[in-house]
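Please open the structure in your viewer and keep the sequence panel beside it, since this tour moves from one selection to the next. At each stop, make the selection before you read on.

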Amino acid sequence: MLKKILAITLLAALLWSCNDHPEIGSAATLYFGGDIITMEGDLPAYAEALVVKEGKISFVGNKDEAMKEAGEGHTMVDLQGKTLLPGFLDAHSHYFNSLVVANQCKLYAPPAGPAKDVESIIAALKAYAVAHNIPKGEFIIGYGYDDNVMPNGRLLNRDDLDEAFPDHPVRVDHVSMHGAVLNSLALKKFGFSAATKTPPGGVIVRKPGTNEPYGLIMETAFMPIFEATSPMTPEQEIAATKAGQMLYAEAGVTTAHEGATHLAQLETIERASKAGVNIIDVVSFPFITEVDKIVQVVPLSDWGKYTNGHKIGGVKITIDGSPQGKTALFSTPYLTGGPGGEKNWKGELTFPQDMVNQMVKKVYDMNVPLTLHCNGDASIDAFLEAYEYARNGDYSKPWNVTTIHTQFMRKDQVPKFVQYKVRPSFYTLHTYYFYEAHLKNRGYAAAQYISPMRDAIDAGLKPTNHTDFVVAPLDQLFMLWSAVNRISRAGANVGLNQCVQPYEGLQAMTINAAAQYDEADSKGSLKAGKRADLVILDKNPLKVEALAIKDIIVLETIKDGKTIFKK
């Protein structure tokens, strides 16, 4: 693998073996001297000290009592004014992609990356190909391309990539992760031509005046590309797992989410887990179309249980696309037409409503948690219809259901979520990264109301918040900043009546996320008996100015009492 992967892997190994940090099974460790935020309850609560024994929290409270609990030979850790919190739980990302993006070219738009226009994308890809000495005929892959921020509507297309890379197949993944721009060699490799018909729920943008694919492939048309990931050797799987998990550890995340798992990916995760290389917990959600195959490998009776740091948490269903990719389903047309110039375009369901109904009922009958991707308001309506179909009027049995993104939830849909006890997982980073695109595509009122976390909390819901990495960078403090401030990349205020308090934002990435995984009894707050998953920050998010939250630094991440990252 890459030098970067090996370097990060070495760092992980060094941290794992350091003897100046507490180890599971060693004498107790007592933390004191800083702001210890317990995340217990709906108001901020602080403790003087916290004691960790054998990977679990054994005491939270008064320092004198903590000293007694710690006993002889314990280690004292003076926080020196820093802040200690429960480790962050990633409510939704695509963990498996963290294993591969280290071998790809980062093409986020500024400030997260270099891709401000087509020319800068080409330049970054060329520099990457040279730096990594990619031979002719081998793929060059980039990720994070955002067509919505390209100046003057000048979008990346097949011809741009053909001219720059006549000897390489090139794939540039869309920032939504729902599609990619490919050059001619890549299109040919994946079997796309003028004769290729656009599948239902898919997008194949054609070159103007022809039926030739122009590069952008999205949604169901993209699925064969997404599933055609080259297999890794066992050595590469281990190196990539360590590198990918260190990205999460650096962000203070101790539990990661694999948001749409296919069988081959699950098998990779399982092999790495059996090899004992996991430094964080990973929760996988098999994609609905893969469930029957995966049940043959991991019986349903084994779901929901950690084995070597990995568990299958439930099932994932995706029923529409992305609003910035103009493939999310709305009840009214996009103001700018469809991704291929379609008129009166509202987007499409990924699967027909009848099929969505049956999919949701299948998960209900399996009696496992459901995470369901719905972005546009009409797709949320479709989810609610499917939910009602599955329950068939009987809402007595608890069912752990989370809607992923839920960005364009209407006010009139909130009471249904309360009635059905469905948890929305919001994506407040869109207020920063994609507000201008939503403003253009959906208009002022809808763009201002994206990810209405304030209304959800006021209605009694316990929402979570997520990065959707690699769609947005893995930065939990910036995610918190976006929920608290709701300021766009261009400096616009985005629905300030939906801002939340910093503590509420922290709940959405700790205790609420633990409940999403049915783990609130073991994670998400600092309480005796819970796992010692901790994060140390250089400043307290509850005490700094709201605009400074994004500048807070993760200093140390601790998993089951063991330091896995230290800055």
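**Charges over rings**

Begin by selecting Lys543 and Tyr46, where the charged end of Lys543 sits over the ring of Tyr46, at 5.2 Å from the ring centre. Keep in mind as you look that this is a predicted model. For a second example, select Arg531 together with Tyr306, and you will find the charged end of Arg531 over the ring of Tyr306, 5.7 Å from its centre.

**The sheet with four strands**

Now change to a cartoon view and select β6, β13, β14 and β15, which in that order form an open sheet of 4 strands with parallel pairing. The edge strands are β6, residues 88–89, and β15, residues 310–312, and each of these pairs on one side only. Next, narrow the selection to residues 253–261, which make up β13, and residues 281–286, which make up β14; these two strands run parallel and are paired over 5 bridges. Which residue of β14 stands opposite Glu258? Select Ser284, and you will have the residue that faces Glu258. Then add residues 263–274, the helix α9, which lies across β13, β14 and β15 and runs at about 150° to β13.

**The sheet with five strands**

Move on to a further open sheet, this one with 5 strands in parallel pairing, whose order is β16-β17-β18-β19-β20. Here the edge strands, each pairing on one side only, are β16 (315–318) and β20 (464–465). If you select residues 423–426, you have β19, which runs parallel to β20 and is joined to β20 by 2 bridges. Show Ser425 and Thr464 as sticks, for Thr464 in β20 is the bridge partner of Ser425. Now select residues 353–366, the helix α11, which packs on this sheet, touches β16 and β17 (370–374), and has a direction at about 170° to that of β16.

**Aromatic rings**

Finally, display the side chains of the aromatic residues, among which the structure holds 20 aromatic pairs. Select Tyr95 and Tyr248: their ring centres are 5.9 Å apart and their planes meet at 45°, so this pair counts as tilted. Because Tyr95 lies in helix α3 (residues 95–98) and Tyr248 in helix α8 (residues 234–250), the pair ties together parts that are 153 residues apart in sequence. Are these two residues buried or exposed? Both Tyr95 and Tyr248 are buried. As a last selection, take Tyr364, Phe383, Tyr387, Tyr395, Trp399, Phe417 and Tyr420, which ring pairs link into a cluster.

Technical notes:
Residues numbered from 1 in each chain as written. Predicted model: local features only at pLDDT ≥ 70, side-chain atom pairs only at ≥ 80, totals over all residues. Heavy atoms only, no water. Pairing = 2+ DSSP bridges. Contact = heavy atoms within 4.5 Å. Axes fitted to C-alpha atoms, helices over the stretch in contact; angles between N-to-C directions. Phe/Tyr/Trp six-rings, centres within 6.5 Å; stacked < 30°, edge-to-face > 60°. Buried < 20%, exposed > 50% of the residue type's maximum accessible area, 1.4 Å probe, protein only. Lys NZ or Arg CZ within 6 Å of the ring centre and 35° of its normal.
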